[in-house]
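Thanks for coming. I will go through one structure today, strand by strand and then ring by ring.

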Amino acid sequence: MTVDIPGTFAAWRARHARPAWKPVCVERGPQASRFGGEPALAEGERWPSCDGCRHPMQFFLQLALADLPHAFAARGDGLLQLFCCSRDDGRCETWSPFSGAQLVRLVRGPTRLTSHPAGLTAFPARAVERWRELVDYPDPEDHAALGLLYVYDFPNERVSVSCAELGLALRDVDIELDVAEAIAVAATGDKLGGWPSWVQGAEHPGCPRCGRRMELVLQVDSEDNLPHMFGDVGRGHITQCPEHPDVLAFGWACS
Ligand SMILES: [Zn+2]
Ligand SMILES: [Zn+2]
């Protein structure tokens with residue numbers, strides 16, 4: 001007997017579906033939104049350095065908020081930029097939001113394209129030519145918080161899953177069918193908005209100013225648009241406070 005797992009949970013999927021956008025990049029272009037290349041620094045600004053090792057950080061990406069898809073409803077204005085320490089000497093907790101081993105910020109006003117300082121080589125520039133929309137769903141790590149209850153019967157290799165609020169249930173499904181992944185997974189790879197795809201457990205940072213849960217702006221994956229590996233094929237997330245657009249964070253995890 002085949003079980004239509006996503007079909008059984010169609011109402012739950014529809015409730016939590018969100019748009020996300022994949023960057024479609026070209027090697028050269030006039031676009032201000034890009035991965036790698038040179039950043040636009042504020043006039044007279046010194047190149048950002050890491051709080052851990054004090055060395056200059058690598059420029060990862062910038063997004064011109066005004067150029068993002070209208071439906072994304074970007075908060076704030078100017079350029080959202082990510083710099084991250086690319087040294088690995090143990091003092092630089094690049095995975096940890098607010099550690100000072102990364103800089104995520106909004107830059108406004110006059111800017112100047114600036115080359116990396118000596119000792120750092122820019123990543124190849126990949127300009128975002130357009131954004132391709134997709135429908136995204138919550139990762140299994142977020143399912144419980146969204147009302148799905150999984151009850152595992154390991155001795156019998158069965159799992160039951162239910163959503164009391166929507167009156168949905170599947171009983172005693174073969175554990176080999178990976179029922180959580182069949183119900184919904186978040187898209188991997190670089191993407192704007194949508195749901196975070198977690199490598200480990202869900203980690204939604206809280207805003208240090210107001211405590212609100214910060215929301216995903218951009219997922220940055222290993223070796224997608226940046227030739228960079230976050231640990232062992234890790235995945236990172238730029239998040240933003242819904243109340244305070246200037247409060248941004250970046251964190252990543254690997255298995
Ligand atoms: Zn560092
Ligand atoms: Zn806040």
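Look at strand β5 and its two faces. On one side are Leu-79, Gln-81 and Phe-83, on the other Leu-80, Leu-82 and Cys-84, and all of them are buried. The strand runs over residues 79-84, and six of its six residues are buried. Please keep in mind that this is a predicted model.

What are the neighbours of β5? Take strand β4 to begin with, which covers residues 58-64. Six bridges join β4 to β5, and the two run antiparallel. To find the register, look for Phe-59, which stands opposite Phe-83 in β5. Then there is strand β6, residues 102-107. Six bridges join β5 to β6, again antiparallel. Here Leu-79 stands opposite Val-107 in β6.

Now the core. In general, nonpolar side chains in soluble globular proteins tend to be buried together. The largest nonpolar core here has 28 residues, and those that touch the most other members are Leu-61, Leu-63, Leu-80, Leu-192, Leu-218, Ile-238 and Phe-250. Two or more residues each come from β1 (18-26), β4, β5, β6, β8 (126-136), β13 (215-221) and β15 (248-253). There is another core apart from this one, with 17 residues, among them Tyr-137, Leu-148, Cys-163 and Leu-170.

Which residues does Leu-61 touch, if we leave out those up to four places away in sequence? The list is Arg-34, Phe-35, Gly-36, Leu-80, Gln-81, Leu-82, Leu-218, Val-220 and Ile-238. Three of those names, Leu-80, Gln-81 and Leu-82, you have already met as buried residues of β5.

On to the rings. A pair of aromatic rings is described by the distance of the centres and the angle of the planes. How many aromatic pairs does the structure hold? There are ten. I will show two.

One is Phe-60 with Phe-123, an edge-to-face pair with 5.3 Å from centre to centre and 75° between the planes. Phe-60 lies in strand β4, while Phe-123 lies in the loop between β7 (111-113) and β8, so the pair ties together parts that are 63 residues apart in sequence. Phe-60 and Phe-123 are both buried.

The other is Phe-230 with Phe-250. Why is this pair called tilted? The ring centres are 5.7 Å apart and the planes are at 50°, so the pair counts as tilted; the tilted class takes in angles that are neither under 30 degrees nor over 60. This pair also links distant parts of the chain: Phe-230 is in the loop between β13 and β14 (235-240), and Phe-250, 20 residues away, is in strand β15. Phe-230 is buried, as is Phe-250.

These four rings also belong to one aromatic cluster, made up of Phe-60, Trp-95, Phe-123, Phe-230, Phe-250 and Trp-252.

Some rings have a charge over them. The charged end of Arg-13 sits over the ring of Tyr-137, 4.0 Å from the ring centre. Arg-18 lies over the face of Trp-195, at 3.6 Å from the centre of that ring.

Last stop, a sheet. Three strands form an open sheet in the order β9-β10-β11, with antiparallel pairing. The edge strands are β9 and β11 (168-174), each of which pairs on one side only. From one strand to the next, the twist averages 10°.

Let us go across that sheet. Five bridges join β9 to β10. The two strands form a hairpin with four residues between them, and in the turn Glu-157 has a positive phi of about 55°. Five bridges also join β10, residues 158-163, to β11. Ser-162 stands opposite Ala-169 in β11.

One residue here is worth picking out on your screens: Val-151, in strand β9, which covers residues 149-153. Is Val-151 buried, exposed or partly exposed? Its relative accessible area is 47%, so Val-151 is partly exposed; the exposed class begins over 50%. The bridge partner of Val-151 in β10 is Ser-160. Not counting residues up to four places away in sequence, Val-151 touches Arg-158, Val-159 and Ser-160. Val-151 and Arg-171 are 20 residues apart in sequence, and their C-alpha atoms are 9.3 Å apart in space.

That is all I have. Questions, please.

Key
Residues are numbered from 1 along each chain as its sequence is written. Chains are lettered from A and ligands numbered from 1 in the order in which they are written. This is a predicted model: local features need pLDDT of at least 70, side-chain atom pairs count only at pLDDT 80 or more; totals for chains, interfaces and linings use all residues. Side-chain values use heavy atoms; hydrogens and water are left out. Buried means under 20% relative accessible area, exposed over 50%, partly exposed in between (1.4 Å probe, protein chains only). Two strands pair if DSSP finds at least two bridges between them. A nonpolar core is a set of buried Ala, Val, Leu, Ile, Met, Phe, Trp, Tyr and Cys residues joined through side-chain atoms within 4.5 Å. Contact means heavy atoms within 4.5 Å. Rings of Phe, Tyr and Trp (its six-membered ring) pair if their centres lie within 6.5 Å; planes under 30 degrees apart count as stacked, over 60 as edge-to-face and the rest as tilted. A charge sits over a ring if NZ of Lys or CZ of Arg is within 6 Å of the ring centre and within 35 degrees of the ring normal. Axes are lines fitted to C-alpha atoms, for helices over the stretch in contact, and angles run from 0 to 180 degrees between N-to-C directions.
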